[in-house]
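Subject: Structure for your review

Dear colleague,

Please find below the sequence and structure that I am handing over to you. My findings follow directly after them.

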Amino acid sequence: MALKQISSNKCFEGFQKVFEHDSIELKCKMRFGIYLPPKAEIGKCPVLYWLSGLTCTEQNFITKSGFHQAAAEHGLIVVAPDTSPRGCNIEGEDESWDFGTGAGFYVDATEEPWKTNYRMYSYIKDELPKLIKANFPADSERMSIFGHSMGGHGALILALKNPGKYKSVSAFAPICNPVQCPWGKKAFGGYLGSDLTKWEAYDATHLVKSYPDSHLDILIDQGKDDQFLSAGQLLPDNFIAACTERKIPVVFRLQQGYDHSYFFIATFVNDHIRHHAKYLNA
């Protein structure tokens, strides 16, 4: 699979690069950011995947979060893909900020006209890791995942649907119970149709109830002054309750005064990098 390098910037003795490729799964050109720490020059490194939230591209995390120094110190490759297919010429794909372009919700759509291109779940789970393994010094046996908001939802469901695939998972302000919130209802209704069992297959609060064991250490940071928390879009309490019932270990930190922005992410991203490094370098 041919990769086209779009940019390369030296950063903390490693390199932050952006590549473009033709996605088989999404049937369009896709971009992803990849940070190669200095250790990648001498051997294989574990890989940490970041999933961004609504309206984001691969750029938001790599330019705003300030993760590079911690990733360099811990020797982690960090991959940040785009959040949806782009330019698929689907009617209505650019009409709203929370559905269509920039809002793939990390599901495999089953409804027309979305089902041909909107297959972000399979793209993140299968196609992207194969691409990373084939083109970079990545240790594909050591992978972890984290994300923000819609991407926090994506990280949680990918970890919960694929026991053992990821060594650890964490999230910032994740959409924890999409079947119950306005964003989720809009996205799932459009991509997955009216069958609620299809919705539950991509809902962390439902998935955790049938997760086979407790070998998953979940870290969640949530800003207490997050406007989307008070608007009922994130519903972390429902997820925490389900984890507690199943005895799945989850560290949930409600951070006083913080909102939903990248200022919040930048404040705590080093904690998350350390959380993952503990499992990836073990």
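I begin with Gln16, which belongs to strand S2. The model is a predicted one, and every value in this message was computed from it. Gln16 counts as buried, since its relative accessibility is 6%, and the cut-off for that class is under 20%. Setting aside neighbours within four places in sequence, Gln16 touches Ser7, Ser8 and Asn9, then Gly33, Ile34 and Tyr35, and finally Ile62, Phe67 and His68. One of these partners, Gly33, is 17 residues away from Gln16 along the chain, and the two C-alpha atoms are separated by 7.1 Å.

Phe12 sits in the loop between strand S1 (4-11) and strand S2 (14-23). Its phi is positive, at about 50°, although Phe12 is not a glycine. As a general matter, most residues other than glycine have a negative phi. Phe12 is partly exposed, with a relative accessible area of 45%. Beyond its neighbours within four places in sequence, Phe12 is in contact with Tyr35, Pro38, His68, Gln69 and Ala72. Tyr35 and His68 are also among the contacts of Gln16. From Phe12 to Pro249, 237 residues along the chain, the C-alpha atoms are separated by 33 Å.

A second residue of this kind is Lys247, which has a positive phi of about 60° and is not a glycine either. Lys247 is placed in the loop that joins helix H9 (236-246) to strand S9 (250-255). With a relative accessible area of 67%, Lys247 is exposed.

The backbone also contains a cis peptide bond, which runs from Glu112 to Pro113 and has an omega near -5°. Pro113 lies in the loop between strand S5 (77-81) and H3. In general, most peptide bonds are trans.

I turn next to the helices. Helix H3 (residues 120-135) and H4 have axes that come within 11 Å and cross at roughly 60°. The two helices are therefore oblique to each other. The crossing of H3 past H4 is right-handed. On the H3 side the contact is made by Tyr121, Ile124 and Lys125, and on the H4 side by Ile157, Leu158 and Lys161. By type, the residues of this contact are 4 nonpolar and 2 charged, with no polar ones.

Which residues of helix H5 (residues 182-192) are buried? They are Trp183, Gly184, Ala187, Phe188, Tyr191 and Leu192. Viewed down the axis of H5, these buried residues fall within an arc of 105°, so they line one face of the helix. The spacing agrees with a general rule: an α-helix has 3.6 residues a turn, so residues three or four places apart point the same way. The buried residues of H5 pack against helix H4 (150-161), helix H6 (196-200) and helix H8 (227-230). Just after H5 comes Gly193, whose phi is positive at about 80°.

Trp183 of H5 appears again among the contacts of Leu54. Leu54 is located in the loop between strand S4 (45-51) and helix H1 (59-64). At 9% relative accessibility, Leu54 counts as buried. Apart from neighbours within four places in sequence, its contacts are Trp97, Asp98, Gly102, Ala103, Phe105, Met150 and Trp183. Leu54 and Tyr166 are 112 residues apart along the chain, with their C-alpha atoms separated by 23 Å.

The last residue I wish to bring to your attention is Phe268, in helix H10 (residues 262-280). Is Phe268 buried or exposed? Phe268 is buried, with a relative accessible area of 10%. Leaving out neighbours within four places in sequence, Phe268 is in contact with Phe172, Asp221, Arg253, Gln255 and Tyr258. Phe268 and Ser194 are 74 residues apart in sequence, and their C-alpha atoms are 38 Å apart in space.

With kind regards

Terms used: Residues numbered from 1 in each chain as written. Predicted model: local features only at pLDDT ≥ 70, side-chain atom pairs only at ≥ 80, totals over all residues. Heavy atoms only, no water. Buried < 20%, exposed > 50% of the residue type's maximum accessible area, 1.4 Å probe, protein only. Helix = DSSP H or I, 4+ residues; strand = E, 2+ residues; numbered from the N terminus. Arc of directions from axis to C-beta. Contact = heavy atoms within 4.5 Å. Axes fitted to C-alpha atoms, helices over the stretch in contact; angles between N-to-C directions. Parallel < 35°, antiparallel > 145°, perpendicular 65-115°, else oblique. Left-handed = near helix turned anticlockwise from the far one by under 90°. Nonpolar A, V, L, I, M, F, W, Y, C, P; charged D, E, K, R; others polar.
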